[in-house]
Every structure is written in structure tokens, then in C-alpha cells.
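Hello,

Here is the structure I promised to pass on to you. Please open it alongside this email, and my notes follow below.

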Amino acid sequence: MSYVDELMDQVKAKNQAQPEFIQAVEEVLESLEPVVEKHPEYVDAKILERIIEPERVIMFRVPWLDDQGSVQVNRGFRIEMNSALGPYKGGLRFHPSVNLGILKFLAFEQVFKNSLTTLPMGGGKGGCDFDPKGKSDNEVMRFCQSFMTELQRHIGPDTDIPAGDIGVGGREIGFMFGQYKRIRNEFTGVLTGKGLNWGGSLIRPEATGYGAVYFAVEMLATRNETMKGKTCLVSGSGNVAQYTTEKIIELGGKVVTLSDSGGFIYDPDGLDTEKLTFVMDLKNIRRGRISEYADKYPNAKYTPVDPSMDHNPIWDVKADCAFPSATQNEINVVDADNLLKQGVYVVSEGANMPSTPEAVVKFINAKILYGPGKAANAGGVAVSGLEMSQNSMRLGWTREEVDARLNGIMKAIHKSCVEAADEYGTPGNYVNGANIAGFLKVANAMMDHGVV
Ligand code: NDP
């Protein structure tokens, strides 16, 4: 049995109730087999054994009062995964599905993603099984204050800097920042994704979606193509989906789908800026459902989606490109077959691990341009890193400057993926490229730091 297989057996035995974590580790370790063969020093120093074990896991009670005065109790987490390259950095997710295994998978991915950005950031992730849907603003505020009352002991601008993720946008970051400032009596860049008036960076809200499109542009350029005229499927309708759509429209592509957990809309005419403004108001202000899009624009069709089906019909629509931007494992092997059948040959993942391992194998075997999340969606954390730099300097850069840096970082990530994939004998395989390039920097820093 190979070293990596043996290690995988240990990971499975030790983390039995954490299927997403096991899935994320397996994908990375498979890519790293040729690396450990070439570098026995990593094996001797047990770099892989250390990199899969979080440096620290914090789990805590979050009690709060709802609008009826009843006590509610949720479970909060922060996974401080790896600080070899810098302070822990990664988002907070508020969603009823949140558990230790999901956050460990996200924290693990974050380590490699942050390494790829070229910025000095370690990896972490956190969140809570709280469901913001249907809660009043006051309930969300009381919850966020309680969550931060505990979290503030463990984070800081040089230690651990959380940001947003599913269910955590500008409103939640504001409430948490306010509580941190009040308890610690410090105005500091302890969270990213802040409001512009109080330390936020221009382009941070846009960054993940824009970055996923910039990554697709780079992949297309390897075949001398551009986004112009491309028909695109986008899933989700939150932060990442909205700004992915905005950038595709700007570059002359056509977005024909959006979704939420209830179902998806198909608009054969494509979204334009006015329709996107409607979606942003619907989702960010009125907090409604995507089905309302089809009421407003009768040419569009809404299809409810039953999650117990063996496939998701959003991925069975004719298109060139797909930008999964909702959640993990939203593209299974049947969906992957449908996408390929419908002509999709570019997949740029805005979400984290949206494709199952079997779906990824289909994409790689079909030799399409497949950009895995840890490379394609790194633009969000990259601009978070730029927000930290601006906070440290107490300066704010212009929109153009941040956007140009974001574009430069996405190009650099694309280049390092391509080079690492070439060097290790799998040209065009962005999965191997991203895993290997992300790993090498972290591994070398861990070697320098000794056994810690
Ligand atoms: P939002 O909360 O803004 O939006 C999430 C969207 O996905 C909503 O439309 C939501 O629908 C849908 N969704 C969530 N869970 C499910 C589910 N189980 N089934 C179907 N649809 C679902 O989150 P973001 O846009 O920030 O995040 C989307 C993805 O991008 C996540 O995978 C996240 O980890 C990843 N990501 C985000 C970054 C960021 O900067 N925000 C950075 C890098 C990656 P509904 O409203 O019905 O729940």
C-alpha cells in the first residue's frame, strides 16, 4: 500500500462522521503523490500528517433571544487550520447544515487557496448552524453579537481574520464588527468584507465572482478564445452568483440561469443590468426567492428543484460555460454528464468543492477547461488580503487599483496552476496544478518552522 493510501485510511478512520472533510483531503492527497515521491523530506517531516490536522478547533455555545423573548441556542465554530504563511484567514458560514466536518473541509481548502493568492495568509474557517432565513434584522443582530462575544477571544488582526461566506454578508459583518469593537475597545481590521465607511475595501463584495470570471478568461485564452458571446449557466443567487453574472455581462457573455435552494430560473434572453439589479434587490434587500424573477420577467421559466432527484436540471441546459456558485457537491456525476452533453467546456467554480469527485473525473477525462474552486474562487480572499493591507496602512485604494490587483492575482494563480501541472506531468489538469502549487509553499514554510 502506498504512503498516501495508508494516510487516507487513517484520515477515514479518525474522521468518520466528516464525509466532506475526507473528500477534500482525498482530492488533495491524490494530486500530491508525485510530489512526495520527489520530496522524501516532506515524508520524514510528516508534513502531510500535520497539514491535515487543524492547529486548533474552537467550538462554542451561542445563546440568544428571539423576537418572542424565547431562548435559542446554536453551535459556533472556528477552525484555525494552518498558520505557516500568515494569520488564519477564511470566512464564516451561517447555515443550518454547518457542522465540524463541513467547516474542516472548508478550512483545509482555504490553506491551499490562500497560498495560491501569493499573499501572506494562513487558512481557517468558521461559522454556526444558525439559519438567517426568515429572521428579523434584530434577531440577526442579537445572534451576531452573541457569536462575537465568544469568538473575539480567539481572533485578532495579527492572529485570525474572519470574513463572509454563505449567510454572512455586509449586514452580519457589520453587527459582528460592532460587537468586537465594543468588547475589545479597538478599531482594527479584525474582519474583512467591512463597509466602505469603516475600513472596507472597494471591490471586496465583487471579488469572488469577478475572480471566477477572470479565471475563466485565462483558461479560455489558452485556446485563443474570450467570454464574448458565450452562454453561461450560473447557480446560486447570492454574493458570488451576482457578481459572476455582472462580470460575464460586462465581458459580452450571456447568463441564462440563476438558482436558490428552492429551484432555478432559465431566461433564454439572458440577464441584463436591469434584471441583475432586480435580483440584487430581491436577494440582498427584500430577501425573497428566485422564483419571483419569473413573475417579473414572463419570458423566464422557474423550475422547482427536488434535492432528492438524482440530478439537478439547472445543469441540463445548453451552454458553453458553467459557474457553480451555490454550495458544495451541487454537481454530481449525472449533472457532469449532462453538462458535457449540453456542450459545456468551461467550468469555473465560484463555490467551494461544488463538484463531486466522480464529476471532477468526468471533466478531466473530457479535457475541458475545469478550474477547481480553490483556484477559481480565490479572488475573494485575495481582495480580503488587500483589505488587510489597506487597514494596516490606514489608506484606501481606488476601485481601479483593487480591480487591477485582483486581475493580476487571478492571472498569477492561473499561471502557477498551469506550470505546476506541466512540471508534474499532467498538463492542462488544473486540479493537480492548484493542489501542488498551493501545497509546496505551505510545505516549505512548515519545513522552515521546524516541528510545530
Ligand atoms: P450567499 O449566502 O450569498 O449565497 C448562497 C447562494 O447559494 C444562495 O442563492 C443560496 O440559496 C444557495 N444555496 C446555499 N446552500 C444551498 C443548498 N444547500 N442548495 C442549494 N442552494 C444553496 O453565499 P456566497 O455567494 O457567499 O457563497 C456561495 C459559495 O461560494 C459557497 O460555496 C461559498 O463557500 C463560496 N465562496 C464564497 C466566497 C465569498 O467571498 N463570499 C469566497 C469563496 C467561495 P438560498 O438563499 O435558498 O439558501
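**Where the two domains meet**

Let me begin with charge pairing across the interface: between domain 1 and domain 2, the search finds 1 salt bridge. Please keep in mind as you read that this is a predicted model.

The domain assignment splits the protein chain into domain 1, residues 59-193, and domain 2, residues 201-452. Their C-alpha centres are 23 Å apart. To the contact, domain 1 gives 33 residues and domain 2 gives 36 residues. Together the two domains bury about 2700 Å², and 63% of that area is on carbon and sulfur atoms. If you want a place to zoom in, try F112, K113 and L116: these residues supply 23% of the area that domain 1 buries against domain 2, more than any other three residues.

On the polar side, 8 residue pairs are in polar contact across the interface of domain 1 and domain 2, with both residues at pLDDT 80 or more. Which elements give two or more residues to the side of domain 1 that touches domain 2? They are β3 (88-94), α5 (100-116) and β5 (160-163). Helix α5 makes the largest contribution to that side, with 11 residues. Sorted by class, the side of domain 1 that touches domain 2 holds 16 nonpolar, 9 polar and 8 charged residues.

**K374 and its partners**

K374 is a residue you may like to display next. One salt bridge joins K374 to E109, with 3.4 Å between the closest N and O atoms. Another joins the side chains of K374 and E27, at 3.1 Å from N to O. This second pair ties together distant parts of the chain, since K374 sits in helix α14 (residues 373-376) and E27 in helix α2 (residues 19-38), 347 residues apart. As general background, side chains of opposite charge can pair when their charged atoms come close. Over the whole structure, the search finds 25 salt bridges.

**Around the ligand**

There is also a ligand to look at. Of the 24 residues around the ligand, the ones that come nearest are D165, T208, S261, R289 and N352. Two arginine side chains place an N or O atom by a ligand oxygen: for R289 the distance is 2.7 Å, and for R204 the distance is 3.0 Å. V240 takes part through its backbone, where a polar atom is 2.9 Å from an oxygen atom of the ligand.

Happy to talk any of this through once you have had a look.

Best wishes

Definitions and conventions. Residues are numbered from 1 along each chain as its sequence is written. This is a predicted model: local features need pLDDT of at least 70, side-chain atom pairs count only at pLDDT 80 or more; totals for chains, interfaces and linings use all residues. Side-chain values use heavy atoms; hydrogens and water are left out. Domain bounds come from an automatic or database domain assignment. Contact means heavy atoms within 4.5 Å. Buried area is the accessible area (1.4 Å probe) that two parts lose on being put together, summed over both. A salt bridge is a side-chain nitrogen of Lys or Arg within 4 Å of a carboxyl oxygen of Asp or Glu. A polar contact is a pair of N or O atoms within 3.5 Å; within protein, one must be able to donate a hydrogen and the other to accept it, and residues adjacent in sequence count only if both atoms are side-chain atoms. Helices (H or I, at least four residues) and strands (E, at least two) are DSSP runs, numbered from the N terminus. Ala, Val, Leu, Ile, Met, Phe, Trp, Tyr, Cys and Pro count as nonpolar, Asp, Glu, Lys and Arg as charged, and the others, Gly among them, as polar. A residue is near a molecule or strand if one of its heavy atoms lies within 4 Å of it.
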